Amino acid sequence: MTLAQDTSHQPAEKPMPRNIRRSAFVLDAHDPQLATRAFNSHADAIFLNLIKPGNPLWPSQLTTTLPSAIEAAAAVGAEIFIIIESSHLEAQLNVAIYSGLTGIVLQSIEGAQTLECASNHLTKIEHERGIVVGSLEIQVWVDNAVGVGECLSIARQSQRFGGFIIDDETLCRALGMQTQPTLSFDPLEYIKSELITVATSVGAQAMGMSYPLGLTRENSSPETVKQSIKRARDTGFKGALCAHENWISHCNVGFQPSPEEVDYYRRVIEVFAEGIRRGMASVPLEGKMIDVPVDLRAKLYVQWAQRAHQRDEEKIQASNKKRPLTA
Amino acid sequence: MPCRRSWLIQSVLPSTQHQDKPSEKADVLVLDLEYSVATRLKSRARQALREQLLNLDAIQQSAFVRIDWSTRWADVRAAMYRGIQGLVLPGPENPEDIADIDTLMSQMERERGLNQGSTQIVLMLESARGFWNAQSLAQASPRVSALGVGRIDLTMDLKPLPQNEFRLSRYLMSRTVVAARMLGKQPLGAFWRPGTRGGVANPTQTQEAAREAQLMGYRGSFCVNPDQVAAINHGFSSE
C-alpha cells in the first residue's frame with residue numbers, strides 16, 4: 001500500500017495546510033521556452049509574469065499566446081497563477097483570464113478594496129468565459145506597507161483569498177528597511193508572524209522564506225537552502241516563492257513532514273489508539289505523554305504527508321503524459 | 001520634507017547642570033515642557049517659550065515643542081507662536097484626543113497669524129494602547145508628520161532578556177514602521193539596548209542604536225544629550 005492510498009488515519013479537523021503549495025516559481029509568459037522551463041521546474045505553483053522587465057507596455061500579442069502558455073505550464077501538473085498589477089487591475093484581468101488558471105497573484109495592493117474589485121471583476125469574467133464562478137483564487141503578493149497594515153481586512157475581504165506571498169527583498173525595500181542581511185535578526189520577523197497568523201485565521205496560508213536567505217535570494221548550497229526551509233516551515237510558512245530553480249525540489253521536500261516525522265506520528269497514532277482501547281486517556285511514548293491533542297496533530301501530519309505525496313504523484317503523471325512543447 | 005535625523009530634547013528652562021554644546025547641530029531642537037521641567041516651574045517654562053521660539057526662528061533652527069499630556073491644553077496655547085514647526089505629543093492613545101488638539105491648534109494659528117495647518121504633530125507612542133492604535137492615531141489629523149517610538153521599555157515594563165535586547169520592542173518598532181510607511185509619515189526611533197537606553201547611551205552606543213533602527217526602516221530619533229546628536233546623524237546617514 002502506498003502512502004497516498006493509506007486513508008486509515010483521517011483526522012476530523014480541517015486539512016492542514018489547505019493546499020499543497022510548497023514551491024512557487026515565476027516564469028515569463030512570453031518566454032518561448034516556457035513549456036520546457038515549466039516542465040523542468042517541478043514547482044507546485046507557477047506564477048506567470050505578463051510584463052517584460054523594462055518594458056511597461058502591455059504586450060498585446062499575449063492575448064493570442066496566453067491560452068497556450070497557460071496550457072503548456074499547467075500540463076506538468078502545476079497550479080498556474082497570473083501576476084496582476086493592481087494599478088492596471090481590470091485591463092490586465094480582461095486579457096489574462098482563461099480556463100486552466102488556478103487564480104491570480106495581486107501585486108501592489110492598495111487595500112481591501114483592491115481585492116474586492118478584483119473579486120467582482122473575476123466573477124464577471126467567470127460568467128462570460130464559462131469558468132466556474134468563484135473558482136479563481138486570489139493570492140496577495142505583499143510588496144508594500146498597505147499589504148501588511150491592512151492584512152486582516154484584505155484576508156477577510158473575499159472567499160477567493162488564498163494566501164500571502166512574502167518576498168523579503170521587495171517588502172524590506174518598501175518599508176525602507178535594509179536589503180542586505182546586516183542585522184543579527186530578521187527585521188520582518190513580526191511582520192511575517194502577523195501575515196502567517198492572519199492568513200491561517202481565514203483558512204488560507206502564507207508562502208515565504210526565512211532570514212537571511214529570503215532577503216539575499218542567493219543560489220546557496222543545498223544544505224543552506226534546506227536549513228532555511230526548515231526555519232521557514234517552523235515559522236509557519238507552508239511554502240516559499242523560489243528565487244532559483246534549484247530551490248524548488250528542496251521546498252517540495254522541506255515543506256511537508258519528513259519520513260522520520262511520519263514514522264513517529266504513525267507510532268503515536270497506534271500507541272494512542274491502543275491506549276484508548278485499554279481505557280486510558282494518555283499514554284507514554286519514548287518518554288513523552290501522548291494525549292488527544294498530540295494524537296490529533298499526528299493525524300493531521302500523516303494526512304498532510306499523504307496529500308503531499310498525492311500531489312507529487314499527480315505531477316509525475318501529468319509530466320509523463322505531456323512532453324515539453326514550445327508555447 | 002527636510003532631513004530630520006536627530007531630534008534633541010532640551011528643557012525650555014536653563015539647565016542647572018552643565019551641558020556641552022553638540023558637536024553637530026541637531027536637525028530638530030525639541031523644547032521640552034514635559035519631564036525636564038519640574039511641576040512648580042511649568043508656568044515659568046510656558047512663559048519662556050515664546051521668546052525661545054523667536055530666537056530659534058531667527059537662526060533658522062527647526063523647533064518643535066514637546067508638551068506634557070496632563071497639561072496639554074495650556075501647553076499647546078503656550079507653544080503656538082511664530083517659530084514653532086510642530087508639537088511632539090507623548091503617549092497618545094485615542095484618535096479623538098489628537099483631533100481635539102488639532103482643533104485647538106487651528107484656533108491658535110488663526111488667532112496668532114500662523115499659516116493655517118502649518119504646525120505639525122509628531123506622535124510619540126509610549127503605551128500598549130498607543131502602539132495598537134498607531135494607524136488610527138496617525139490618521140486622526142493631517143498635521144501628523146511622524147510616528148515615534150517613545151519610552152516603551154519603561155512604560156511597558158520590559159526587562160532585558162539574556163540575548164541583551166528587548167524582544168518586544170522589535171515587535172512594537174515593526175508595527176510603528178508599517179503604520180508610518182503606509183501613511184507616508186516619518187518613522188522615528190532608535191534600537192536602544194538594555195542599560196544603554198536614551199539618556200545613558202554613549203555616542204558609540206547611540207550610533208549603533210541609530211544604525212540598527214535605520215536598517216529597520218527608521219529615519220530619525222529623539223535624543224537627550226548633545227553628544228548624541230552627531231552619533232544619531234551618522235547612524236541615520238549610513239547606507
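In this structure, 19 residues of chain B and 18 residues of chain A take part in the contact between the two chains. You are looking at a predicted model, so keep that in mind as you explore. There are two meeting places to visit here: the one between the chains, and the one between two domains inside chain A.

**Where chain B meets chain A**

- Together, chain B and chain A bury about 1500 Å², and 63% of that area is on carbon and sulfur atoms.
- The interface of chain B and chain A holds 1 salt bridge. Its partners are B:Arg170 and A:Glu189, whose closest N and O atoms are 2.4 Å apart.
- Polar contacts also cross the interface of chain B and chain A, with 4 residue pairs found (both residues at pLDDT 80 or more).

**What chain B brings to the meeting**

- On the side of chain B that touches chain A, helix H7 (167-183) and helix H8 (203-215) of chain B each supply at least two residues.
- H7(B) gives the most to this side of chain B, with 9 residues.
- Sorted by class, the side of chain B that touches chain A has 8 charged, 7 nonpolar and 4 polar residues.

**Two domains inside chain A**

- Now turn to chain A, which is divided into domain 1 (23-255) and domain 2 (259-312).
- Measuring tape at the ready: the C-alpha centres of domain 1 and domain 2 of chain A lie 33 Å apart.
- Where these domains touch, 7 residues come from domain 1 of chain A and 4 residues from domain 2 of chain A.

**How the domains of chain A touch**

- About 480 Å² is buried between domain 1 and domain 2 of chain A, and carbon and sulfur atoms give 34% of it.
- Three residues are worth finding on the domain 1 side: A:Asp44, A:Arg233 and A:Phe255 supply 65% of the area that domain 1 of chain A buries against domain 2 of chain A, more than any other three residues.
- Between domain 1 and domain 2 of chain A the count is 1 salt bridge. In a salt bridge, the side chains of A:Arg233 and A:Glu261 meet at 3.0 Å, N to O.
- The count of residue pairs in polar contact between domain 1 and domain 2 of chain A is 3 (both residues at pLDDT 80 or more).
- By class, the side of domain 1 of chain A that touches domain 2 of chain A has 4 charged, 2 nonpolar and 1 polar residues.

Key: Residues are numbered from 1 along each chain as its sequence is written. Chains are lettered from A and ligands numbered from 1 in the order in which they are written. This is a predicted model: local features need pLDDT of at least 70, side-chain atom pairs count only at pLDDT 80 or more; totals for chains, interfaces and linings use all residues. Side-chain values use heavy atoms; hydrogens and water are left out. Contact means heavy atoms within 4.5 Å. Buried area is the accessible area (1.4 Å probe) that two parts lose on being put together, summed over both. A salt bridge is a side-chain nitrogen of Lys or Arg within 4 Å of a carboxyl oxygen of Asp or Glu. A polar contact is a pair of N or O atoms within 3.5 Å; within protein, one must be able to donate a hydrogen and the other to accept it, and residues adjacent in sequence count only if both atoms are side-chain atoms. Helices (H or I, at least four residues) and strands (E, at least two) are DSSP runs, numbered from the N terminus. Ala, Val, Leu, Ile, Met, Phe, Trp, Tyr, Cys and Pro count as nonpolar, Asp, Glu, Lys and Arg as charged, and the others, Gly among them, as polar. Domain bounds come from an automatic or database domain assignment.
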